[in-house]
Amino acid sequence: MFIGCSIIGCTIQISSKVATVDDLTTVEHLRAEVRSFVERRDWRQYHTPKNLAMSIAIEAAEIMEHFQWLTVAEGVAALNDPLTHAAVADELADVIIYCLSFANSSDIDIASAVMAKLERNESRF
């Protein structure tokens with residue numbers, strides 16, 4: 001087994017298959033990590049639907065800042081730079097953390113919501 005990490009992410013190679021941390025982490029595990037992080041800081045009182053929805057939008061805007069004045073091709077090329085890639089990944093993590101916290105505070109089953117939405121979109125697009 002080989003485990004390697006860089007600023008782009010971690011990979012684990014077991015025999016010929018290379019697994020990422022995404023392959024080995026469940027949504028529930030991420031939800032629990034976020035829940036624990038919030039509880040250790042006593043932030044639950046601030047994690048209302050309004051506050052979390054605003055935080056998701058704010059963090060999503062921070063992703064957009066990395067591409068604001070770039071052409072489509074320049075935006076794709078920018079992600080080839082390890083520092084830009086890491087900065088965008090960091091902002092994406094913020095969005096996902098707030099989404100997980102929103103799901104935790106609103107009792108939304110993420111997997112069910114995503115699968116139902118994909119099913120509805122299948123007939124729409």
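A residue is called buried when its relative accessible area is under 20%, exposed when that value is over 50%, and partly exposed in between. The views below are taken from a predicted model.

**View 1. His47, in the loop between α2 and α3.** With a relative accessible area of 13%, His47 falls under the 20% limit and therefore counts as buried. When its neighbours within four places in sequence are left aside, the residues in contact with His47 are Val38, Leu52, Ser101 and Ser105. One of these partners, Ser101, is itself listed among the buried residues of α5.

**View 2. The aromatic pair of Phe37 and Trp43.** The structure holds one aromatic pair. The ring centres of Phe37 and Trp43 are 5.6 Å apart and the ring planes stand at 75°, which is over the 60 degrees required, so the arrangement is classed as edge-to-face. Phe37 belongs to helix α2, whereas Trp43 is placed in the loop that runs between α2 (27–40) and α3 (49–65). Phe37 has a relative accessible area of 34% and is therefore partly exposed, and Trp43, at 36%, is likewise partly exposed.

**View 3. A nonpolar patch on the surface, formed by Phe37, Trp43 and Tyr46.** Together these three residues, Phe37, Trp43 and Tyr46, present about 310 Å² of accessible area. Two members of the patch, Phe37 and Trp43, are also the partners of the edge-to-face pair.

**View 4. Helix α5, residues 82–106.** The 25 residues of α5 should span 36 Å at 1.5 Å a residue, and because the C-alpha atoms at the two ends are 36 Å apart, the expected and modelled lengths agree. Along α5, the buried residues are Thr84, Val88, Glu91, Val95, Leu100, Ser101 and Ala103. The buried residues of this helix pack against α2, α3, α4 (72–78) and α6 (110–124). Just after α5, the backbone at Asp107 adopts a positive phi of about 55°.

**View 5. Phe37 of α2 and Ser101 of α5.** Although Phe37 and Ser101 are separated by 64 residues in sequence, their C-alpha atoms lie 9.9 Å apart in space. Ser101 is buried, while Phe37 is partly exposed because its relative accessible area, 34%, lies between the two limits of 20% and 50%. Ser101 is also in contact with His47, the buried residue of the loop between α2 and α3 shown in the opening view.

Notes: Residues numbered from 1 in each chain as written. Predicted model: local features only at pLDDT ≥ 70, side-chain atom pairs only at ≥ 80, totals over all residues. Heavy atoms only, no water. Patch = residues over 30% accessible without salt bridge, like charges linked within 9 Å, V, L, I, M, F, W, Y side chains within 5 Å. Areas by Shrake-Rupley, 256 points an atom, 1.4 Å probe, with all protein chains shown as cover. Salt bridge = Lys/Arg side-chain N within 4 Å of Asp/Glu carboxyl O. Helix = DSSP H or I, 4+ residues; strand = E, 2+ residues; numbered from the N terminus. Buried < 20%, exposed > 50% of the residue type's maximum accessible area, 1.4 Å probe, protein only. Contact = heavy atoms within 4.5 Å. Expected span 1.5 Å × (residues − 1). Phe/Tyr/Trp six-rings, centres within 6.5 Å; stacked < 30°, edge-to-face > 60°.
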